[in-house]
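Welcome! Let us take a short walk through this structure, one stop at a time.

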Amino acid sequence: MSLIEARNLSLGYDSQTIVENLNFTVSAGDYLCIVGENGSGKSTLMKTLLGLQEPTGGEIVTGDGLKRSEIGYLPQQTVVQRDFPASVREIVISGCQGRTGLKPFYGREEKRLAAESMEKMGITGIAGRCYRELSGGQQQRVLLARALCATRKVLLLDEPVSGLDPKVTAEMYDLIAGLNREGITIIMISHDIMAAVRFASHVLHVGTNVFWGTKDEYVNSEIGRFFLKNQENTGHQ
């Protein structure tokens with residue numbers, strides 16, 4: 001059964017439509033990469049999936065008992081967020097807020113979840129350090145651990161390797177692939193189409209032309225061949 005299904009979805013803002021009649025499904029265990037040109041509606045789609053923005057048409061249906069609060073989110077970082085003066089542990093456990101409801105404190109279960117998430121991301125040793133003193137790669141691991149505290153079902157990742165060097169980028173992709181192998185469904189916005197076809201099970205290409213299908217179908221499609229060749233020619237890795 002589908003976890004998320006978009007039915008004739010139209011997206012936009014300020015009465016301007018960006019994407020029309022988008023149809024796709026995300027099943028448990030999928031690794032969906034959302035790719036496309038800048039301004040094609042990728043981030044708007046992510047906000048709509050999170051319930052932060054209403055579609056201009058159509059609908060998003062969740063199935064298999066999935067609640068919106070069970071979707072973990074790793075947003076693109078802003079300069080202000082990078083300078084956040086809290087400890088790694090404090091930021092990670094704040095991902096449990098959706099679980100605690102009106103309780104003003106974190107209990108044993110939340111602390112266990114935070115510790116488990118930090119261990120998965122290999123950041124237990126820096127739990128007491130200040131977030132803003134960390135490298136970009138370490139910060140992304142912290143935010144991924146925070147997102148894991150919110151869910152063990154679906155992770156939405158918005159350009160999770162943006163601004164990272166090639167070595168740290170490869171490590172981040174490996175971490176995300178490992179979470180997917182453990183059964184967590186991944187939905188990731190990426191400008192890196194080469195990486196998308198390396199890791200994803202499915203690709204959603206939004207823009208002037210829309211494509212949704214398996215990775216293999218995308219690689220063999222006209223739009224997939226065009227964009228992959230374009231990235232190869234520009235030397236993008």
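Please keep in mind that this is a predicted model. A good place to begin is the lining of the largest pocket, which by class has 10 nonpolar, seven polar and six charged residues. The pocket itself has a volume of about 440 Å³. Of the 23 residues that line this pocket, Ser69, Glu70, Ile71, Gly95 and Ala150 are the closest to its centre.

Which parts of the fold supply this lining? At least two residues each come from strand E5 (71–74), helix H4 (97–100) and helix H6. Among the contributors, H6 gives the most to the lining of the largest pocket, with five residues.

Helix H6 is worth following further, for the next stop is its partner. H6 covers residues 136–150, and it packs with helix H7, residues 166–181, at an angle of about 15 degrees, the two axes being 10 Å apart. Angles under 35 degrees count as roughly parallel, so H6 is described as roughly parallel to H7. The crossing in which H6 passes H7 is right-handed.

Now look at the side where these two helices touch. From H6 come Gly137, Gln140, Arg141, Leu144 and Leu148, and they meet Val168, Glu171, Met172, Leu175, Ile176 and Leu179 of H7. Sorted by class, this contact of H6 with H7 has seven nonpolar, two polar and two charged residues.

To bring the walk together, H6 appears at both stops: H6 gives five residues to the lining of the largest pocket, and H6 also packs with H7.

Note on methods. Residues numbered from 1 in each chain as written. Predicted model: local features only at pLDDT ≥ 70, side-chain atom pairs only at ≥ 80, totals over all residues. Heavy atoms only, no water. Axes fitted to C-alpha atoms, helices over the stretch in contact; angles between N-to-C directions. Helix = DSSP H or I, 4+ residues; strand = E, 2+ residues; numbered from the N terminus. Parallel < 35°, antiparallel > 145°, perpendicular 65-115°, else oblique. Left-handed = near helix turned anticlockwise from the far one by under 90°. Contact = heavy atoms within 4.5 Å. Nonpolar A, V, L, I, M, F, W, Y, C, P; charged D, E, K, R; others polar. 1 Å grid on protein atoms, 1.4 Å probe; cavity = no way out; pocket = protein on both sides within 12 Å on 5 of 7 lines; lining within 4 Å. Points joined across faces, edges and corners; volume = space filled by probe spheres on them.
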